[in-house]
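Welcome! Here is a short briefing to help you find your way around a structure you have not met before. Take a look at it first, and then read on.

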Amino acid sequence: MVKKCQKKRRSFKFFIVLLIITILILLFTFIYKERFLDKVDYSQKGNITYYDIYGIHMNFEGNFKLSGYSNPKLVLTDGIKEMIINWDLDKHDDEYSFKTSEYINDGINLERLNTGTYYLLIKVSNDDEDIYFPLVNKTEYKDLEYYTLTGADKKIDIIWDKYLENEILKFDIKNTKLPDDVYDITIDPGHDGSDAGMIVCANGDVPNYLGECSNSKAYKESDLNFTVSKALKDELEKLGYKVKLTRDSKNSKLPTYGKMGSGTTANTVKSKFNLALHHNSSNVPGGMSSTYGLEVYVADNSKFDLAKSFVKNITKKANISTSTKEEFKTEDGIYQRFSDDGITPYYYMIREVGGIATHAYVDGSNTKYDANPYYNSNNTAESYLLELGYIDNVKELKNIIDNPNDYARGIALGLDEYLKNTSD
Ligand SMILES: [Zn+2]
């Protein structure tokens, strides 16, 4: 009995000592960090003139004046740990301007940040001394929040904070379970119950005005899109991702805009990626379209890493080729189609989903549709439009009808491979 009691007392003591040590470490870290913020030179400032989150990447643009120092760096630091952020820096006399990337889907990879509280600062070194100065917000935009992909389970708050009345940009990163209404990936099965897209006959006949075929089965593009989308959702869920479909059935109808439209659901559910699935046609009657193959449509100013991963994996898994179409082609299988100005993406699934990163403009002033509530947003999903093949080519149609899971597997693998390999 006595022995047991002593043992209990000893472990209680041990617990108290451990608690005190923990408190001391926390206190020391806290004081050190506060003192680090005291060391920041608030008399100099950099300006942020643009920032956004597009997909999993965050980007900043800005400028600052600097005399007496050379080799400035952009850092994300808590005073102890420090991460150097790559930037393109332009210098004219004492004036600098910077951009963290020339591409919209590149820059700071938010998936790679560790938990903690960090500040985005400009760092210069002089006579073995490091000097930090803050960045101030010159845009109309405010704080942002970002949820990492399922599995990483983190929330990142990007806050325009104050320290002793001075503006400072803070990244607060915490482990958290993802909220129920936040998703990783949104899939939009193109068209819907009220808009079938192209209707074709399996044998290449042209359907009658009711969309019926007399000697073979009729196929609607909207249904084929839905079949592959549903299979893609299953494939991505097997890989651990949380997936939202913009429509739940072949016949359900979907608005384009509003909160849960085809072009807006991705941002309402805060997903990082949006994939719009379609099947193409070249309007050649007789099922003998000489155009065939895969087309991946990409936004302007994009890095093609993910698009290339889609092309590689879809062509391999579905055993198809890249498209023979030359118009809008940028690289093999990769397409960019713009409006007349040469910059604004033609497809709303790319343009409107990306908010300011992709020049969205549906603000409700055209009363024919609802507004896109995210047209002016700087926190949006990275969006791709996939034309999986030509259904007025009977051979390609047969492959799509017989093997929808192969297409789905290729798309899922394309995204998963990209996410596992990308380090920045
Ligand atoms: Zn379509």
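The notes below go through a metal site, a sheet with a helix across it, and a disulfide.

Please keep in mind that this is a predicted model. A zinc ion is held by His191, Glu221 and His278, seven strands form an open sheet, and a search of the whole structure finds one disulfide.

**The zinc site**

- The zinc ion takes its protein donors from His191 (NE2), Glu221 (OE), Glu221 (OE) and His278 (ND1), at 2.2 to 2.7 Å.
- Along the chain, these donors follow the spacing H-x29-E-x56-H.
- His191 and Glu221 are 30 residues apart and link distant parts of the chain: His191 sits in the loop between strand 13 (185–189) and strand 14 (199–201), while Glu221 belongs to helix 2 (residues 221–238).
- Why is the site called irregular? The angles among the four donor atoms run from 51 to 142°, whereas a tetrahedral site would need all angles between 85 and 135 degrees.
- Is Glu221 buried or exposed? Glu221 counts as buried because its relative accessibility is 5%, under the 20% cut-off.
- His191 has a relative accessibility of 25%, so this residue counts as partly exposed.

**The sheet and the helix across it**

- The seven strands of the open sheet come in the order 16-13-17-22-18-20-19, with mixed pairing.
- Strand 16 (243–245) and strand 19 (329–331) stand at the edges; each has a single partner strand, so one side of each has no neighbour in the sheet.
- At one of these edges, strand 19 runs antiparallel to strand 20 (residues 334–335), and two bridges join them.
- Lys329 stands opposite Tyr335, a residue of strand 20.
- Helix 2, which holds Glu221, lies across strand 13, strand 16, strand 17 (273–280) and strand 22 (382–390).
- The helix runs at about 145° to strand 17.

**The disulfide**

- Which residues does the disulfide join? The partners are Cys201 and Cys213, with an S to S distance of 2.0 Å.
- Cys201 lies in strand 14 and Cys213 in the loop between strand 14 and strand 15 (218–220), so the bond ties together parts that are 12 residues apart in sequence.
- The disulfide is left-handed because the torsion about its S-S bond is about -95°.
- Cys201 is buried, at 2% relative accessible area, and Cys213 is buried too, at 17%.

Definitions and conventions. Residues numbered from 1 in each chain as written. Predicted model: local features only at pLDDT ≥ 70, side-chain atom pairs only at ≥ 80, totals over all residues. Heavy atoms only, no water. Donors = N, O, S within 2.8 Å, 3.2 Å for Na, K, Ca; no water. Tetrahedral: all angles 85-135°; square planar, octahedral: opposite > 155°, others 65-115°. Helix = DSSP H or I, 4+ residues; strand = E, 2+ residues; numbered from the N terminus. Buried < 20%, exposed > 50% of the residue type's maximum accessible area, 1.4 Å probe, protein only. Pairing = 2+ DSSP bridges. Contact = heavy atoms within 4.5 Å. Axes fitted to C-alpha atoms, helices over the stretch in contact; angles between N-to-C directions. Disulfide = S-S within 2.5 Å.
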